[in-house]
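Biologist: Could you take a close look at one part of this protein for me? I would love a connected account of a sheet and of a residue that touches it.

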Amino acid sequence: MIGRLALLLLALLACTGARGPILVPEISQHEIQVRQGFTGADLLLFGAILTPEGARAAGDYDIVVLLEGPARSIVVREKRKVAGIWINAESTEFRSAPSFYAMASSRPVGSLVDGKTAAIYEMGLKWLQLSPVGVIDPVEQKRFSEGLVDLMRRQGLYQENEGAVKISGQVLYQARISLPSSVQTGTYTAETFAVREGRVVASAISRVTVRKEGFERLVAYNAERNGFFYGLFAVIVSISMGWIAGRLFALI
């Protein structure tokens with residue numbers, strides 16, 4: 001596999017005449033199937049980086065890898081304790097928060113690029129762009145954004161792993177990212193950046209599809225496409241199970 005990467009990269013260099021470094025990324029799995037008992041998955045993101053002349057260049061470059069899941073609307077609610085009871089207080093909706101986010105880098109991002117560059121490419125949870133719905137006070141936005149990041153991080157859905165990218169042989173890199181069992185289905189985008197002297201000099205994108213299989217897929221499909229009949233079927237099943245349980249208890 002490593003040999004094929006190197007040959008493909010050299011062929012691309014010869015055809016394009018590119019002057020900057022070129023990344024050839026790959027992922028251990030391009031499709032993850034979620035079945036009953038799914039406990040998560042480990043992805044290996046790897047690839048190669050060379051100079052246009054085909055020389056080993058990774059000794060002069062650092063690598064940052066981002067894996068981002070499908071965006072979705074998320075409502076963050078603040079809870080307050082009133083008379084000994086926790087109740088919902090203020091809330092904010094974020095229109096396009098990533099359902100999963102992971103960053104891995106060869107060194108701490110702060111030592112690779114400045115804050116402006118990190119914000120442009122969203123290199124780290126600190127620089128994640130979360131857009132609230134409507135107008136909100138900047139202080140409130142910051143508080144709710146930090147609350148969302150903290151919540152998702154505790155669930156394993158937001159990750160930050162500085163130093164997790166390993167560069168070997170001055171040409172190959174690899175990083176491992178874990179997906180928890182609660183990941184959302186959809187298309188995940190893996191973006192790799194080559195960084196040198198504070199600048200992003202090359203980037204490449206690959207994708208991973210997470211989809212449900214078996215009975216879980218059937219349930220998800222009918223819940224989405226046939227909501228009324230799915231709900232009716234669920235009510236019938238619940239009533240039937242209740243009636244069967246009542247009959248069994250009556251016989252005891």
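Modeller: Happy to! Two strands count as paired if DSSP finds at least two bridges between them. With that in hand, and remembering that this is a predicted model, take strand E3 (residues 41-50) and strand E10 (residues 172-179), which pair in the antiparallel sense over 8 bridges. Within this pairing, Gly47 stands opposite Tyr173 in E10. In general, strands of a sheet pair through backbone hydrogen bonds, either parallel or antiparallel.

Now the whole sheet: E3 and E10 belong to an open sheet of 4 strands, with the order E1-E3-E10-E9 and antiparallel pairing. Strand E1 (22-27) and strand E9 (166-168) stand at the edges; each has a single partner strand, so one side of each is left without a neighbour in the sheet. From one strand to the next, the twist averages 20 degrees.

Tyr173 also leads us to Thr192, since the two are in contact. Thr192 lies in strand E11 (residues 186-196). Its relative accessibility is 3%, and because buried means under 20%, Thr192 counts as buried. Beyond its neighbours within four places in sequence, the contacts of Thr192 include Leu23 and Pro25, as well as Ile63, Val64 and Val65. Ala202, Ser203 and Ala204 are also among them.

For the wider setting, the protein chain has 5 helices and 12 strands, and buried residues make up 36% of its 252 residues. Among contacts between residues at least 6 apart in sequence, 70% join residues at least 24 apart. The chain exposes about 14,900 Å², with carbon and sulfur atoms supplying 55% of it.

Notes:
Residues are numbered from 1 along each chain as its sequence is written. This is a predicted model: local features need pLDDT of at least 70, side-chain atom pairs count only at pLDDT 80 or more; totals for chains, interfaces and linings use all residues. Side-chain values use heavy atoms; hydrogens and water are left out. Helices (H or I, at least four residues) and strands (E, at least two) are DSSP runs, numbered from the N terminus. Buried means under 20% relative accessible area, exposed over 50%, partly exposed in between (1.4 Å probe, protein chains only). Contact means heavy atoms within 4.5 Å. Accessible areas come from the Shrake-Rupley method with a 1.4 Å probe; for residues, only the protein chains shown count as cover. Axes are lines fitted to C-alpha atoms, for helices over the stretch in contact, and angles run from 0 to 180 degrees between N-to-C directions.
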